[in-house]
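Colleague: I should like to learn how to read helices and sheets in a protein model. Could we take the features in turn?

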Amino acid sequence: MLLTNATLATLTGPERYGLIENGAVAIEGERIVWVGKADAIPADHKAQEARDLEGRLVTPALIDCHTHIVFGGHRAREFEMRLEGASYEAIARAGGGIVSTVGATRAASEATLLASALKRADALIAEGATTIEVKSGYGLDRETELRMLRVARAIGRERKVRIKTTFLGAHAIPAEYAGRSDAYIDEVVIPTLHAAHAEGLVDAVDGFCEGIAFPPDQIARVFDAAKALVLPVKLHAEQLSWLGGAALATRYGALSADHVEYATADDAKAMTASGTVAVLLPGAFYTLRETQMPPVAAFREAGVPMALATDCNPGSSPVTSLLLTMNMGCTLFRLTPEEALRGVTANAARALGLDDCGVIAPGKRADLAIWDVTDPAELSYRIGFNPIHVRIFGGTE
């Protein structure tokens, strides 16, 4: 395949968006083999079947690097409760929040969970996503956590999309372990992680480090188990308060620290040193009506890569649109449109430990999004509008 007459936002090089006007991309199999100006196409690629894109914008395909799209039930009533004045923390302590989804997820069959998850995945795919990270964390017991991860893997078999799975057993304390969080870590989380790894269901390990979840010392025990299995880690950190979660993540060389509204300038410096990506989740910030913004200026100053993700989940971020997430990243967190686009492509790939996608360059996967726009800023500027023309996944539509 040879794509011609396109505006390429390669996201490589120092130029704005790595733009190439009147550009062309040559694809062989699943890989990009050449990128450049259309008037410089090498002779051996000119013989390929050419596709005139009529000036359309081509970007790397989008990547959602933080989702919880496998779950049972919904939490619309909690949405009402928050509007009536209840806080996220108050709802959680009253038995709502994450724990309220656990019962519905435990009761759902694998087929039911897959059917609902596919609808959410389809919404992301329809906006040009080719890679989606999917977390467990709504089972909080061995059987259901494994079922969630199997469903996540099944999404990748049912759809033309790349799925990266994350074990999030340390997401909340189930009712049967109330007041015994140490026992829950030892008796459920770590043994289930070993079982999931043995079954080939885990690409990374996550935890929720927060006052309503787990303190750093308990997360550290989970991370020790992950490291023993040679699995990368990431962390929900500093979302509702500062507990030192981001610092803990950097000590373990985490791929990412996510949410990070309460992270500090010192955290940013540590994240730079460890290569940890800051994953910003404006959907949760918006839904929970939070006021503490992540320290974007400190991340910029320290050179911390910033990714964006939907955080699609039934409670705090019922969002299935990366395009809306880009807009919210700009309007709520004051990212530039270029930072937003890099946040759902190059930096999102880095947050998942992937080095074969996220930019348009020779040798990378031919995961591309072709848009009915000419300026990449339009992707962040519009609200509720999907300008996708064609999504290319591994060299095929």
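Modeller: The dialogue below treats one helix, then a sheet and its packing. This is a predicted model, in which local features need pLDDT of at least 70, side-chain atom pairs count only at pLDDT 80 or more, and totals for chains, interfaces and linings use all residues. Residues are numbered from 1 along each chain as its sequence is written, and side-chain values use heavy atoms, with hydrogens and water left out.

Colleague: Which residues of helix 4 are buried?

Modeller: Buried means under 20% relative accessible area (1.4 Å probe, protein chains only). Helices are DSSP runs (H or I, at least four residues) and strands likewise (E, at least two), numbered from the N terminus. In helix 4, residues 98-107, the buried ones are Ile98, Thr101, Val102 and Thr105. Viewed down the axis of helix 4, they fall within an arc of 120° (taken from the directions from the axis to the C-beta atoms), so they line one face of the helix.

Colleague: What covers the buried residues of helix 4?

Modeller: Contact means heavy atoms within 4.5 Å. The cover includes helix 3 (88-93), helix 5 (110-125), helix 6 (142-158) and strand 9 (204-209).

Colleague: What is the strand order of the open sheet?

Modeller: Two strands pair if DSSP finds at least two bridges between them. The eight strands follow the order 6-7-8-9-10-11-12-13, with parallel pairing. Strand 6 (62-64) and strand 13 (306-308) each have a single partner strand, so one side of each lacks a neighbour in the sheet.

Colleague: How many bridges join strand 7 to strand 8?

Modeller: Five bridges join these parallel strands; valine 134 has threonine 165 in strand 8 as its bridge partner.

Technical notes
Buried < 20%, exposed > 50% of the residue type's maximum accessible area, 1.4 Å probe, protein only.
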